[in-house]
Amino acid sequence: MGAEIKIVPDAAALNRVAAAEFKSAADSAIADHGRFRVALSGGNTPRNVYALLAQEYKTSLDWDKIHIFFGDERHVPPDHPDSNYRMANEALLSKLPIPPGNIHRVRTELDAEAAARDYEAQLRAEFNVKNNDLPRFDLILLGLGDDGHTASLFPETAALKETTRLVVPNWVEKLQTFRITLTFPVLNHAAGDLFIVSGAGKAEIVKAVLTSSGSAKYPSQRVQPENGRLLWLLDREAARLLSTLPS
Ligand code: 6PG
């Protein structure tokens, strides 16, 4: 199943369409198997999507059947300004009637290796997966970094080579820090991977990633769900160098 690319006029439209994609994925997952398991992305782009979900979907989504995970996390305390958990909590989670047990945070108070192992254990418990079985997220939200990274799968980092673990600590030399990230086996076992990309600043990397399909030069190009939907949601600014949509 090739990648779908949806280009919308601006950031406001991007937030609306992303929230609607979240809603429809949640409704069909809950109808099919009684719960929706989603991994949130970090960074800046999704913040307004989360705020819109809190504003407009507070009563129209079954939050007690929704389990929230994180695609990656910065190795900082949960109240740190760089924390993805903090961002999502402020924009979305703290505003919802969601049971605390449904929010699966990376315990960054542990050292990076222990936090990754703990998070893998949380995934295995929630998805009831053992040994080499993989958890199948209903939806994984993803962003795109200027260097083509996604989640915390950065170019030239060890996590790119991981084939069995579900979650790893990943040392990012250029940031001089650890990140904790889901691995490609998990991203590619999802029912849906949704990239949300906004702004002229991302136009170059969007063109590089989407017009040289088939290459795996950029980590984000390796997100190819085996049996799932891959959707790239772009605003016009981010898509402005895509003269022709790749086939
Ligand atoms: C993170 C993210 C990361 C992010 C990209 C894009 O923790 O930073 O998960 O993968 O999605 O870096 O970030 P922006 O949305 O801030 O451009």
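Here are two short exercises on the ligand and its pocket, each with a worked solution.

This is a predicted model, where local features need pLDDT of at least 70, side-chain atom pairs count only at pLDDT 80 or more, and totals for chains, interfaces and linings use all residues. Residues are numbered from 1 along each chain as its sequence is written, and side-chain values use heavy atoms, with hydrogens and water left out.

**Exercise 1.** Find out which residues surround the ligand and which polar atoms lie by its oxygen atoms.

*Solution.* Step 1: list the neighbours, meaning residues with a heavy atom within 4 Å of the ligand. You get 14 residues, and Thr45, Asp72, Arg74, Ala151 and Lys202 are the closest.

Step 2: look for polar contacts (pairs of N or O atoms within 3.5 Å). The side chain of Lys202 has an N or O atom 2.5 Å from a ligand oxygen. For Asn44, a polar backbone atom is 2.8 Å from a ligand oxygen. With Arg179, the distance from a side-chain N or O atom to a ligand oxygen is 3.5 Å.

**Exercise 2.** Describe the pocket that holds the ligand.

*Solution.* Step 1: pick the pocket (an open set of points on a 1 Å grid over the protein atoms alone, where a 1.4 Å probe fits, with protein on both sides within 12 Å along at least five of seven lines). The ligand sits in the largest one (more than half of its atoms lie within 2 Å of the grid points).

Step 2: check the lining (residues with an atom within 4 Å of a point). There are 30 lining residues, with Gly42, Gly43, Asn44, Arg74 and His149 nearest the pocket's centre.

How values were computed:
Polar contact = N/O pair within 3.5 Å; in protein donor to acceptor, adjacent residues only side chain to side chain.
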